Amino acid sequence: MANKQTINGKAFEYALLTEFLEKLSLVTKVIVIENDPYRAAKGYFEGFSEKDQGSFRLYASFAVNFLIDLEPRLANGIDGSDILTLELVSDKQGQAGDVRDVLAIRLNQHWEIGISAKNNHRAVKHSRLSHKLDFGEKWLGIPCSEQYFANIRPIFQELAVLRKQSGATKTWKSLGNYHDSVYVPVLDAFKEELIRLDRENPGVVARNLVQYLVGQQDFYKVIKSKGQVEIQAYHLYGTLNLPFGTVKSKARVDRLKLPTRLIEIVYQENSKNTLLVTLNDGWQISFRIHNASSRIESSLKFDINLISSPHTLFTNKLFVN
């Protein structure tokens, strides 16, 4: 069963797609790819009351109107054969480095834009650590050292033994102060390894870390929260905000610079479960480690958030009545 956050998020994705369809069908030819992600999102959306569906649609409408103003190619085709295709993306794409949820594609123009939809949360990734997972290889393309695994292996192996001996019933609370006994040594090892990787691969780790978190494609992030919807433009590769002939966007979306240096890694003040990673060019990322279940597991989960982005990040808040 999907959790509440997933259900709300998928319903919001469906609302965005249907608002694009309704508004753009009036001015251009549009088709929707009715794939498995579309059917799942539609099912979640239709599970809400009419009032809640109307709320999702209202927030989505504000966002879509604004995005149409930013992206002239949404509403403008070359001719009758230039079809705009709308599609919801599988979550597996996110695991493969594509953070976009909704795609708008014009094959005739060799053009597409993507939207990452967030419903009342801002986390960019929910990655895991364990004694088997090589975060360096998976996130950065550079394998972790044997010393890193030697540091974390005893901790995770002990958790695996406790889980097995209890038949997966033993709880984290039964460990007592597990922040000190588990979280801190794991985070210390993670911190040391990230610093080592950066030292041995100058100019690579900072850039690859941000690319892992925000993906390899430009996209708009649409964040729905109470009374407002926020639009952010992650414009790293030059594919957003393009004109259509003489038709230009109603607002300028500046390019972002990827970082090149890791400046420092420190614990958040008064915290034993959150590291703050500061990079150059205005990027700062928080890594909050936590147990995803009340029962002991042999892995830990990160909530990874962008705390700050370059001042050139395009951001606009739309207030919804």
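Lys125 lies over the face of Tyr212, 4.7 Å from the ring centre. That contact is a good way into this predicted model, and the exercises below start from it.

**Exercise 1. Charges over rings**

Task: Besides the pair of Lys125 and Tyr212, find the ring that has the charged end of Lys224 over it.

Solution: Begin at the charged end of Lys224 and look for the ring beneath; that ring belongs to Tyr59. The distance from the charged end to the ring centre is 4.8 Å.

**Exercise 2. Classifying two ring pairs**

Task: Decide how the rings of Trp139 and Phe190 are arranged, and then do the same for Trp139 and Tyr212.

Solution: Here is the background for the first step. A pair of aromatic rings is described by the distance of the centres and the angle of the planes.

Step 1. The structure holds 19 aromatic pairs. In one of them, Trp139 and Phe190 have ring centres 5.8 Å apart and planes at 65°. Planes over 60 degrees apart count as edge-to-face, so the pair of Trp139 and Phe190 is edge-to-face.

Step 2. Now place this pair in the chain. Trp139 belongs to helix 5 (residues 135-140) and Phe190 to helix 7 (residues 178-200). The two parts are 51 residues apart in sequence, so the pair ties them together across that separation.

Step 3. Turn to Trp139 and Tyr212. The centres of these rings are 5.1 Å apart with 10° between the planes, and the pair is stacked. This pair also links distant parts of the chain: Trp139 is in helix 5 and Tyr212 in helix 8 (residues 205-214), 73 residues apart.

Step 4. Check the surroundings of the rings. Trp139 has 5% relative accessibility and counts as buried. Phe190 is buried too, with a relative accessible area of 0%. Tyr212 has 13% relative accessibility and counts as buried.

Step 5. Widen the view. Ring pairs join Trp139, Phe190 and Tyr212 into a cluster with Phe135, Tyr148, Phe149, Phe287 and Phe302.

**Exercise 3. Walking across the mixed sheet**

Task: Which strands stand at the edges of the sheet with the order 1-2-3-4-6-7-12?

Solution: Step 1. Read the sheet as a whole: it is open, has 7 strands and shows mixed pairing. Strand 1 (30-32) and strand 12 (314-319) are at the edges. Each has a single partner strand, so one side of each lacks a neighbour in the sheet. On average, neighbouring strands of this sheet are turned by 20° against each other, direction ignored.

Step 2. Start from strand 1. Strand 1 runs parallel to strand 2 (residues 84-88), and 3 bridges join them. Ile31 stands opposite Thr85 in strand 2.

Step 3. Move on to strand 3. Strands 2 and 3 run antiparallel and are joined by 4 bridges; here Leu86 stands opposite Ala104.

Step 4. Continue to strand 4 (residues 111-119), which runs antiparallel to strand 3 with 5 bridges between the two. The bridge partner of Ala104 in strand 4 is Ile113. Strands 3 and 4 form a hairpin with 4 residues between them, and His110 in the turn has a positive phi of about 50°.

**Exercise 4. Strand 3: which way do the side chains point?**

Task: Sort the residues of strand 3 (residues 102-106) by direction, and say why the strand is largely enclosed.

Solution: Step 1. Val102, Ala104 and Arg106 point one way, while Leu103 and Ile105 point the other way.

Step 2. Residues on both sides are buried. With 5 of the 5 residues buried, strand 3 is therefore largely enclosed by the rest of the structure.

**Exercise 5. How do helices 1 and 3 cross?**

Task: Describe the packing of helix 1 (residues 4-24) and helix 3 (residues 50-70).

Solution: Step 1. The helices pack at an angle of about 55°, with their axes 8 Å apart. That angle makes helix 1 oblique to helix 3.

Step 2. Add the handedness: the crossing of helix 1 and helix 3 is right-handed.

**Exercise 6. The antiparallel sheet**

Task: In the sheet with the order 5-11-10-9-8, find the bridge partner of Leu275 in strand 10.

Solution: Step 1. This open sheet has 5 strands with antiparallel pairing.

Step 2. Strand 9 (residues 274-279) and strand 10 (residues 284-290) are joined by 5 bridges. The partner of Leu275 is Phe287, which is also a member of the aromatic cluster.

Conventions
Residues are numbered from 1 along each chain as its sequence is written. This is a predicted model: local features need pLDDT of at least 70, side-chain atom pairs count only at pLDDT 80 or more; totals for chains, interfaces and linings use all residues. Side-chain values use heavy atoms; hydrogens and water are left out. Rings of Phe, Tyr and Trp (its six-membered ring) pair if their centres lie within 6.5 Å; planes under 30 degrees apart count as stacked, over 60 as edge-to-face and the rest as tilted. Buried means under 20% relative accessible area, exposed over 50%, partly exposed in between (1.4 Å probe, protein chains only). A charge sits over a ring if NZ of Lys or CZ of Arg is within 6 Å of the ring centre and within 35 degrees of the ring normal. Two strands pair if DSSP finds at least two bridges between them. Axes are lines fitted to C-alpha atoms, for helices over the stretch in contact, and angles run from 0 to 180 degrees between N-to-C directions. Angles under 35 degrees count as roughly parallel, over 145 as roughly antiparallel, 65 to 115 as roughly perpendicular and the rest as oblique. A crossing is left-handed if the near helix is turned anticlockwise from the far one by less than a right angle, and right-handed if clockwise.
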